[in-house]
Amino acid sequence: MNTKLLEELTGWRHYLHEHPETAFEEVNTSKFVAEKMREMGYDVHTQIGKTGVVASLTNGDSPKTIGIRADMDALNILEKTKLPYASLNEGKMHACGHDGHVVTALGAAKLLAESKDFNGTVRFIFQPAEEHGKGALAMLEDGLFERFPIDEFYGLHNMPALPEGEIHSKVGPIMASEDNFQIKIKGIGGHASAPNQGKDPLVVAAEIILALQTVVSRNVDPVDTAVVSCTEIHTDGIINAIPSNVVITGDTRSYKAEVQQLLEHRMRLISEKICEANEVECDFSYTNSFSPTNNWEQCHEIAVQAAKNVVGEEKVNDHANPIMASEDFGHFLDIIPGCFVFLGGNREGVESYPLHHAKFDYKDENLLEGAEFFAEIVRLRLT
Ligand SMILES: [Zn+2]
Ligand SMILES: [Zn+2]
């Protein structure tokens with residue numbers, strides 16, 4: 001094991017953990033990244049998609065380019081780890097391990113800059129604002145792939161529930177889409193004792209919430225996967241008055257674009273028709289926040305080979321269970337080939353908290369495994 005490199009990476013990771021920054025505010029993080037990459041000899045471009053960084057290194061004469069992506073943003077969570085390197089930015093925390101992802105990419109960059117055993121160009125993409133699904137799109141809108149062409153793109157997410165050092169991948173959808181909806185219902189409020197004199201939007205909202213649960217059970221093909229969750233309901237907020245306004249918000253997940261479209265279509269129809277039958281107004285809006293993350297077969301095979309070379313065959317699962325959480329790396333894989341994998345961080349006997357938990361901490365052992373995995377992909381593809 002390269003203990004010297006692991007020590008260095010651990011120090012960098014603890015520094016970033018101490019200084020978490022949330023979506024599009026990753027100013028210090030991108031400065032840190034840019035400095036490290038320049039020191040290693042990379043050609044660095046900053047402010048791509050606001051706070052994003054692209055760093056490239058060419059070796060040899062092959063025109064082929066491989067991209068490695070790391071997300072940089074933290075969450076608005078009050079850290080409760082009591083670690084010596086706990087967050088100094090109160091209310092912000094690296095609770096999803098993106099501090100680890102950044103340093104994993106830095107580690108791979110360092111390995112490749114030192115070994116120079118590849119023929120072509122490697123590009124490291126440090127992406128802002130993953131948590132809300134806007135960072136990948138911001139980089140794309142800034143011309144990421146036009147300015148910095150990439151033939152294949154790879155990324156990873158740490159998974160605290162999977163055994164430490166295991167790498168899991170699968171062909172096709174590995175993480176779900178996320179869409180958000182809002183249903184504004186406008187009725188006629190009034191005295192709570194006289195519902196007959198108004199048009200109660202709250203009863204209509206209740207009917208809609210229940211009816212929306214038939215979309216997955218009755219409209220989506222049973223062999224497909226989807227979730228419809230109403231997550232909030234807001235009214236005018238007076239205990240003895242029927243409200244005039246009710247707003248329902250929520251979230252849907254699926255693995256296919258056609259299922260996304262079906263969910264939107266059925267949910268809109270159900271909401272509008274129930275409102276019409278009850279003579280209240282309906283304003284239905286639906287936004288696509290995250291694409292499903294769909295792994296391309298040829299890149300999945302490369303990722304699996306690289307994983308086997310680095311962590312050993314017995315620690316690789318090439319038929320991973322997909323998860324319904326979302327990841328905005330999916331926006332990139334809508335456009336170019338690539339693969340996204342899970343890296344296990346659960347060591348037996350060590351307490352492990354889930355992602356987004358106030359006591360979560362990235363496993364430092366994963367830094368070297370992830371760095372060697374990324375470097376191996378580059379070596380396999382740039383020969
Ligand atoms: Zn997260
Ligand atoms: Zn994350």
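**Close-up views of the predicted model**

**View one: the cavity.** One cavity of 30 Å³ or more is counted in this model, which is predicted, not determined by experiment. The space in this largest cavity comes to about 40 Å³. Its lining is made up of Asn158, Met159, Pro160, Leu343, Gly345, Phe360, Asp361, Tyr362, Lys363 and Asn366. Strands E5 and E16 are the elements that contribute two or more residues to this lining. E5 gives the largest share, three residues. By residue class, the cavity lining holds five nonpolar, three polar and two charged residues.

**View two: the open sheet and its edges.** Eight strands make up an open sheet of mixed pairing, in the order E1-E2-E4-E3-E5-E16-E6-E14. Strands E1 (43-48) and E14 (316-317) are the edge strands; each has a single partner strand, so one side of each has no neighbour in the sheet. Towards the E14 end of the order, strand E6 (residues 167-168) and strand E16 (residues 338-346) run antiparallel and are joined by two bridges. His168 has Phe342 of E16 as its bridge partner.

**View three: helices on the sheet.** Helix H3 (residues 98-115) packs on the sheet and touches strands E2 (52-59), E3 (65-71), E4 (120-127) and E5 (152-163). The direction of H3 makes about 160 degrees with that of E4. Helix H8 (residues 297-311) lies across another set of strands, namely E5, E6, E14 and E16. Relative to E16, H8 runs at about 35 degrees. Strand E5 is thus listed both among the strands touched by H3 and among those that H8 lies across.

**View four: the zinc site.** The zinc ion (ligand 2) is coordinated by three donor atoms, Cys96 (SG), His98 (NE2) and His157 (NE2), at 2.1 to 2.3 Å. Along the chain, the donors of this ion follow the spacing C-x1-H-x58-H. The zinc ion (ligand 1) is 3.2 Å from the zinc ion (ligand 2), and Cys96 coordinates both. Cys96 sits in the loop between E3 and H3, whereas His157 belongs to strand E5, so this pair ties together parts that are 61 residues apart in sequence.

**View five: strand E7 and its partners.** Strand E7 (172-186) pairs with E11 in the antiparallel sense through ten bridges. In this pairing Asn180 stands opposite Asp251 in E11. E7 is also antiparallel to E12, with nine bridges between them, and here Gln182 stands opposite Ser285. A further antiparallel pairing, over three bridges, links E7 to strand E13 (residues 293-295), where Met175 faces Thr293 as its opposite residue. The pairing of E7 with E15 is parallel and rests on two bridges; Ala176 stands opposite Ser326 there. For reading side chains in such a view, in a regular strand they alternate between the two faces of the sheet.

**View six: the largest pocket.** The largest pocket holds about 590 Å³ of space. Its lining consists of 33 residues, and those nearest its centre are Glu130, Glu131, His132, Glu178 and Phe290. At least two lining residues each come from helix H4 (135-141) and from strands E5, E7 (172-186), E11 (245-254), E12 (281-290) and E15 (323-326). E12 supplies the largest share, four residues. The pocket lining divides into 13 nonpolar, eleven polar and nine charged residues. Three of the elements named here, E11, E12 and E15, also appear in the preceding view as partners of E7: E11 and E12 in the antiparallel sense, and E15 in the parallel sense. Strand E5 contributes to the pocket lining and to the lining of the cavity in the opening view.

Key. Residues are numbered from 1 along each chain as its sequence is written. Chains are lettered from A and ligands numbered from 1 in the order in which they are written. This is a predicted model: local features need pLDDT of at least 70, side-chain atom pairs count only at pLDDT 80 or more; totals for chains, interfaces and linings use all residues. Side-chain values use heavy atoms; hydrogens and water are left out. Two strands pair if DSSP finds at least two bridges between them. Contact means heavy atoms within 4.5 Å. Axes are lines fitted to C-alpha atoms, for helices over the stretch in contact, and angles run from 0 to 180 degrees between N-to-C directions. On a 1 Å grid over the protein atoms alone, a cavity is a set of points where a 1.4 Å probe fits but cannot get out, and a pocket is an open set with protein on both sides within 12 Å along at least five of seven lines; lining residues have an atom within 4 Å of a point. Grid points are joined across faces, edges and corners, and a volume is the space filled by probe spheres set on the points. Ala, Val, Leu, Ile, Met, Phe, Trp, Tyr, Cys and Pro count as nonpolar, Asp, Glu, Lys and Arg as charged, and the others, Gly among them, as polar. Donors are N, O and S atoms within 2.8 Å of the metal (3.2 Å for Na, K and Ca); water is not among the atoms, so sites may look incomplete.
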